[in-house]
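Here is a short tour to read alongside the sequence and the coordinates. Take a look first, and then we can go through the picture together.

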Amino acid sequence: MKKILFVALAVLLANCKENDNSFCESEPTFGDIEISEIGTGSINLKGGIVADLCSGEIKMKGIVYGKNTSPTVDGSKFSFSKTFYNQTIEELYDNTTYYLRPFVTTANGEVIYGPTSQATTEEAIINEPCTTGMYNEAIGRIVIEAESATNLNGWTLASTQEGFSGDGYLIWEGANNFTTPNDGIIEYKLRIKTTGTYKFLWNSNAAFGNNGTEHNDSWLSFPDLALTGDFYGKKQNGEIVYPAGVGLEPTPEGNSANGYLKIYKNGPTNTWKWQSNTSDNQGHEVFIDIETPGVYTMLIAARSMHHAIDKFVIYKESLDAPIAEDYPLSEICE
Ligand SMILES: [Ca+2]
């Protein structure tokens, strides 16, 4: 099928070139949508559209998709300028049928749709039941108010530093634990259906004094993922560091132990900032790789006195960070 489609479109293209403007079609030619790969939260598709190549009166061409049987350009879509496309669409729910239609928008605003195709995403099977307090990932995102943990384990729930969201924020008012993450450990259980690479980001505050390089960090670990190298810091140039204590190298500059990374923010004190860096003076960002749908444990441990944590998000690195205040929080199992 793929071969036939490509040959048919290639013939159209060739005719157009050879005959100058004499072969221009007024109607677009929509090739079949070939579904080449289906995941729990993504679909990869390939195909082509030849649309009035000679006159150049096409404003946009692409694929619309959605759960509705007749998706339109008002909904989700992607566009492309070349004849052929090879695109992975994301932000999909698992075990859900999506309908896909090619479209062309003309210069005068008319939208012409091609035939509809459909594809059903894979079901994400998680054997562990959804028990009280677990957070559910959806369409590649996890959004959690730090203070929603069931056991704050020595952290204080506070609300004096303005600019937080939810019911307040957590602040560590116990002793510093600069080298060993063994105090103030808070657990979050995450049910993750969508596989892939996720970025971690928290909104935190060095809520004391006027030296922004103090009171600006806490410990973070994903113990299920640390041992296999699936919890790590990555610099923009691709350099990776692994938490110390799990037998992987290289480890970060500065402190790290027992599978924990030290997560810090830069900038002035008494100011909230969405930033999670690791490795001193290196600025690696923090990632986890999820290869199998399942329940994963995340741990925060206290490091610096007066470090405050308001909220955190974990999201597919290909997506925008869901840090807007009105972005829905992850559903919590009851
Ligand atoms: Ca909060």
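What is the mean pLDDT of the protein chain, and what share of its residues reach 70 or more? This is a predicted model, and its mean pLDDT is 92, with 91% of the residues of the protein chain at 70 or more. One stretch deserves some caution: over residues 14-20 the pLDDT stays under 50. For residues 14-20 the model has 5 contacts beyond four places in sequence.

Now to the overall build. The protein chain has 26 strands and 2 helices. Its C-alpha atoms fill a box of roughly 80 × 40 × 40 Å along the principal axes. Of the 334 residues in the protein chain, 37% are buried. If we take the contacts between residues at least 6 apart in sequence, 71% of them join residues at least 24 apart.

The protein chain is divided into two parts, domain 1 and domain 2. The table sets out their bounds and what each brings to the contact between them.

| Domain | Residues | Residues in contact with the other domain |
|---|---|---|
| domain 1 | 2-120 | 8 residues |
| domain 2 | 135-332 | 9 residues |

What kinds of residues does domain 1 bring to the side that touches domain 2? They divide into 3 charged, 3 polar and 2 nonpolar residues. As for the spacing, the centres of domain 1 and domain 2, taken over C-alpha atoms, are separated by 41 Å.

Notes: Residues numbered from 1 in each chain as written. Predicted model: local features only at pLDDT ≥ 70, side-chain atom pairs only at ≥ 80, totals over all residues. pLDDT = per-residue confidence, 0-100. Contact = placed C-beta atoms within 7 Å. Helix = DSSP H or I, 4+ residues; strand = E, 2+ residues; numbered from the N terminus. Buried ≥ 20, exposed ≤ 12 C-beta atoms within 10 Å, placed from the backbone. Domains from an automatic or database assignment. Nonpolar A, V, L, I, M, F, W, Y, C, P; charged D, E, K, R; others polar.
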